[in-house]
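This report describes one protein chain and the model built for it. The sequence and structure come first, and the description follows.

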Amino acid sequence: MDNDLGCPQVKKSKFDNNPLEEFRVKEAPATAFYFPNYLTQDEHDALLQNVYDSPKPRWKQMSNRRLQNWGGYPHPKGMVSEDLPKWLSDECEKLLKSEVTEGKKPNHVLVNEYEPGQGLLPHLDGPLFYPVICTINLGGPALLQFYKEQNLDKSVGGLLLEPRSLVVLKDSLYTEFHHGIEATRADVMMNVWNLGSTTFKDEKIEIVERNSTRVSLTIRHVPKVLNVKLVGGRFVNLMFERASVENDFGVRLFSAIIPAFLPLMHIWLTVKFVWPEHVLEIDKNDCS
Ligand SMILES: O=C(O)CCC(=O)C(=O)O
């Protein structure tokens, strides 16, 4: 029987209280989980189809890859969010239920597309996201490498990400170790922490070729979200929208009349805080 993460239920073990433990990458220096059969082949193909059925303007060409941004643009002041399409919100819901996201519902997805030979420079994801990264892997394989801040030229190890898998990174694998993907056509299998959970577990493999286009869905939770949302390219005030839906008369009335009072408030603030200073200045000048 399969569990929620698409992996066969394993025999009872000392980790039975937490089924995720079976998928922990024990060789990694901090918390990483790798689920090799997270998606069925049909689910995999359907996700890939949805990526390529997305409207063309969703794609942004970067120097060494293409990407789609979904959910809004995270910002230190808060994200102007947008609803995720169903094919992505279903994945977010599934991750929330599987408990890998520590109870935070993902609300942001980056779709990265790499042709063989393309990669991503080592980087940290930064403070705008809750520090858990869930990545669903589609298409071809790639080695996700990790680096220490002091030496971004030499990887300390990596995770082989094969199609249909999910990888989850937490704690110092989020906050301290930079992650990146080498721009190469073949990954060298040195220090691959999860090799025992991949299709190469029984082989002495030295390189894995990047034989086809890889597409990844990087799924995260943005904690700071503004009360303004993008709906069909237009800004919508969520407080007013919610009030309309819930028929909250008080908030609707407040939201409707407040703009009428803004000019009066402006005059009042000017008189109270700006004008007296000005008058005082004149008085002082008069006395001198
Ligand atoms: O494609 C991947 O697996 C990594 C993507 C990534 O690190 C990012 O988008 O920040």
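Two strands count as paired if DSSP finds at least two bridges between them. In the hairpin formed by E16 and E17, two residues lie between the strands, and Gly-232 takes a positive phi near 55°. The model is a predicted one.

**The chain as a whole**

The chain contains five helices and 17 strands. It has 288 residues, of which 28% count as buried. Among contacts between residues at least 6 apart in sequence, 73% join residues at least 24 apart.

**An open sheet of four strands**

The hairpin strands belong to an open sheet in which four strands follow the order E4-E5-E16-E17, with mixed pairing. Strand E4 (72-73) and strand E17 (234-237) are at the edges; each has a single partner strand, so one side of each is left without a neighbour in the sheet. In general, the strands of a sheet pair through backbone hydrogen bonds, in either a parallel or an antiparallel sense.

Going across the sheet, E4 pairs with strand E5 (residues 79-81) in the antiparallel sense, over two bridges. Here Gly-72 stands opposite Ser-81 of E5. The next pair, E5 and strand E16 (residues 225-231), is parallel and also rests on two bridges. Ser-81 stands opposite Lys-229 of E16 in this pair. E16 and E17 are antiparallel and are joined by four bridges, with Leu-230 opposite Phe-235 of E17.

Which residues does Gly-72 contact, leaving aside its neighbours within four places in sequence? They are Met-79, Val-80, Ser-81, Glu-82, His-108 and Leu-230. Gly-72, which lies in strand E4, is buried because 21 other C-beta atoms lie within 10 Å, and the cut-off for a buried residue is 20 or more. One of the contacts, His-108, is 36 residues away from Gly-72 in sequence, yet the two are 6.9 Å apart in space, C-alpha to C-alpha.

**Helix H2 and the strands it packs against**

Helix H2 (residues 86-98) is made of 13 residues. From its first C-alpha to its last it reaches 18 Å, close to the 18 Å expected at 1.5 Å a residue. Its buried residues are Leu-88, Glu-91, Cys-92, Lys-94, Leu-95 and Ser-98. They cover an arc of only 160° around the axis, which puts them on the same side of H2. As a general point, an α-helix has 3.6 residues a turn, so residues three or four places apart point the same way. Lys-86 and Lys-97 are exposed residues on the face of H2 turned away from the buried side.

The buried residues of H2 pack against strand E3 (66-70), E6, strand E8 (133-139) and E15. Some of these strands also pair with one another. E3 and E6 run antiparallel and are joined by five bridges; Gln-68 has Val-111 in E6 as its bridge partner. E6 in turn pairs with E15 in the antiparallel sense over seven bridges, and Tyr-114 has Arg-214 in E15 as its bridge partner.

**Surroundings of the ligand**

E6 and E15 also take part in the shell around the ligand. Strand E6 (108-114) and strand E15 (214-220) each supply at least two of its residues. The ligand is surrounded by Leu-110, Asn-112, Leu-120, Asp-125, Thr-135, Leu-144, His-179, Ser-216 and Thr-218. How many residues of each class are in this shell? There are three nonpolar, five polar and one charged.

**Positive phi angles outside the hairpin**

Just after H2, Glu-99 has a positive phi of about 75°. Two further residues with a positive phi, neither of them a glycine, are listed below with their places in the chain.

| Residue | Phi | Location | C-beta neighbours within 10 Å | Exposure |
|---|---|---|---|---|
| Glu-102 | about 55° | loop between H2 and E6 | 11 | exposed |
| Arg-164 | about 80° | loop between strand E10 (151-161) and strand E11 (166-169) | 19 | partly exposed |

Why does Glu-102 count as exposed? Glu-102 has 11 C-beta neighbours inside 10 Å, and a residue is exposed if that number is 12 or fewer. Arg-164 has 19 other C-beta atoms within 10 Å and is therefore partly exposed.

Technical notes: Residues numbered from 1 in each chain as written. Predicted model: local features only at pLDDT ≥ 70, side-chain atom pairs only at ≥ 80, totals over all residues. Near = placed C-beta within 6 Å. Nonpolar A, V, L, I, M, F, W, Y, C, P; charged D, E, K, R; others polar. Expected span 1.5 Å × (residues − 1). Arc of directions from axis to C-beta. Contact = placed C-beta atoms within 7 Å.
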